[in-house]
Amino acid sequence: MKKLMTLALAAAMMLGAATGANAIDFKAKGQWIMSFDYGMHGNFSESKAKNNSGFKNEDEFEARSRVRLVIDAVADENLSGQVYFEIGKSIWGKAEDPQGGMAMGADKNIVKLKRAFIDWRVPDTDLKLRMGIQGIGLPYMAMGGPTVFQSDVAAITASYVFNENAAMTAFWARPYNDNYVGNADGDQKNFMDNMDMAGLMVPLTFDGVKLTPWGMFASIGSNTFRNDSSKNYAYVGNKINGVNGGYALSGLFPLRADLLSHKEKLNAYGTAWWGGLSGEITKWDPFRIAWDVNYGSASYDNEKMNREGWLASLLLEYKLDWGTPGLYGWYGSGDDSNPKNGSERMPVVSANGNNDFSNFAFNGNPYIAREGVLGTNMTGTWGIGARLKDVSFLEDLKHTLRVNFMGGTNAPKMAKYIRDYGNPYAKHGVSDVARYATAYDPMYLTTDDTALEIGLTNTYKMYDNFTVMLDASYVALWLEDSRSVWGKNPGRGALGGDGVYDAWNVNLSFVYSF
């Protein structure tokens, strides 16, 4: 046996020597985050606030962890591959999903595949291709994060650099397919349940000016967002046959009072398209101007399900030795007073990027702190803000102060549909409107509603690879309490009817990156 092992070892060494000329260079990088939140994420009812924070049924204090590990296998400049794993973000002490796996023993399958793709170059050309599960996002230069689409998705991406001034990136992605299980009425399994997207971005770079026009098209099968138990209507909920389609569903379908009550059969592909222009001017450095303009439309065989709107933002900032002061604003179209004619908010697929304008009211925290108390994105809102970014008086210690005043652009009349959610005596079908408005975004702001956000973010680079962040944020909310809008106790129906309260949060995060 000993001789056999010796021979096997020798053979392995010879094999390693023989393949050494084609050795693959493995590179690893990753990030550990330990995050601790304390706050009152009000916006909901007093009854919930008495028991917990009112934020997704979580406690006032929560501790979380997230680990990300990225492994690159590089053959040369023409060929490489990447696999990207994630553990968390998981709440300490919680056993089951969502955000579970951290109870005593921690014996849960919580390692997730985030990305897995190969990169290769077409021989003798500058055309590069990426195939597999990858991160794709539409351009942005002002808001710090996309407003239409950014996510990990199965796709093929092609990129080509024409010259120092122009390049091109195109992609085809398939976010959903083969998830519909059919039904007892004979609807075929996996029939018309695919969603396909194609996009084109053209970055243009000149002296002190960057412009990126872009466009994206999507085809949406009639069964893409269908529950396995549904008969004739689209599914509303957090999961679609085990697939998390919440962002796509809430962003692509409109407010519509009679969608579920009429149980209409969808028998054709829906179509959606978006276009935009992002840009920045730095030729007057240290003065910088940046903007993002986005427009989108989603159309179905039934015009009552259509959705169409726009969102634009502008940033002005001036970089000084001690920090960067800036002014910014945004405006997004909102719903009119008729829920049966579709939605006038811009459709969104998945905007998972960090919003530079807001750390707490919207999704802007760079780590895993609680966020998005007003919504996952800025559609249907307007706002103006001022910030002092990366202010530093001590080495390795930076501060960012934000103040935002914002409101809604949705018609006040829509409030009654949200307010009547879950009321068995309400007008037939109005609860379905509330499902679309509040299932994924905590608040629905009308033109009569306003809010104020104040936030302070402090980051200390303790070591080269270790950062400590302390973030404190407060959102004050003023809702119109007249009977024609929210009433005296605007608790958002299913979220409670005892009143709305201001929200605040303090987060302490420890981040090790390598």
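Select F36, W92, Y463, F466 and F510: ring pairs link these residues into a cluster. You are looking at a predicted model.

**Inside the cluster**

Keep F36 and W92 on screen and hide the rest. Their rings form an edge-to-face pair, with 5.3 Å centre to centre and 85 degrees between the planes. Now colour by strand. F36 lies in strand β1, while W92 lies in the loop between β3 (79-91) and β4 (111-121), so the pair ties together parts 56 residues apart in sequence. Turn on the surface. F36 has a relative accessibility of 23%, so it counts as partly exposed because buried means under 20%. W92 is partly exposed too, at 43%.

**Along β1 to W32**

Stay on strand β1 (residues 25-41) and select W32, then add F514 from the segment after β20 (503-513). These two rings make a tilted aromatic pair: 5.7 Å centre to centre, 35 degrees between the planes. The partners are 482 residues apart, so this pair links distant parts of the chain. W32 is partly exposed, with a relative accessible area of 34%. F514 is also partly exposed, at 36%. To find further ring pairs, scan the whole model: the structure holds 16 aromatic pairs.

**A charge over a ring**

Next, select K114 and Y84. The charged end of K114 sits over the ring of Y84, 5.9 Å from the ring centre.

**Into the cores**

In soluble globular proteins, nonpolar side chains tend to be buried together. Here, the largest nonpolar core has 58 residues. Select F149, M195, M216, W274 and L374, which touch the most other members of this core. Then show strand β10 (residues 209-220). Strand β10 gives the most to the core, with 4 residues. A second, separate core has 5 residues. Pick out Y367, I368, M469 and V511, which are among them.

**Last stop: N355**

Go to the loop between β15 (350-351) and β16 (381-394), and select N355. Is N355 buried or exposed? It is buried: its relative accessible area is 8%, and the cut-off for buried is under 20%. What does N355 touch? Leaving out residues up to four places away in sequence, N355 touches M143, F362, N363, G364 and M378. Finish with F357. Its backbone nitrogen lies 2.8 Å from a polar atom of the N355 side chain.

Conventions
Residues numbered from 1 in each chain as written. Predicted model: local features only at pLDDT ≥ 70, side-chain atom pairs only at ≥ 80, totals over all residues. Heavy atoms only, no water. Core = buried A, V, L, I, M, F, W, Y, C linked by side-chain atoms within 4.5 Å. Buried < 20%, exposed > 50% of the residue type's maximum accessible area, 1.4 Å probe, protein only. Helix = DSSP H or I, 4+ residues; strand = E, 2+ residues; numbered from the N terminus. Phe/Tyr/Trp six-rings, centres within 6.5 Å; stacked < 30°, edge-to-face > 60°. Lys NZ or Arg CZ within 6 Å of the ring centre and 35° of its normal. Polar contact = N/O pair within 3.5 Å; in protein donor to acceptor, adjacent residues only side chain to side chain. Contact = heavy atoms within 4.5 Å.
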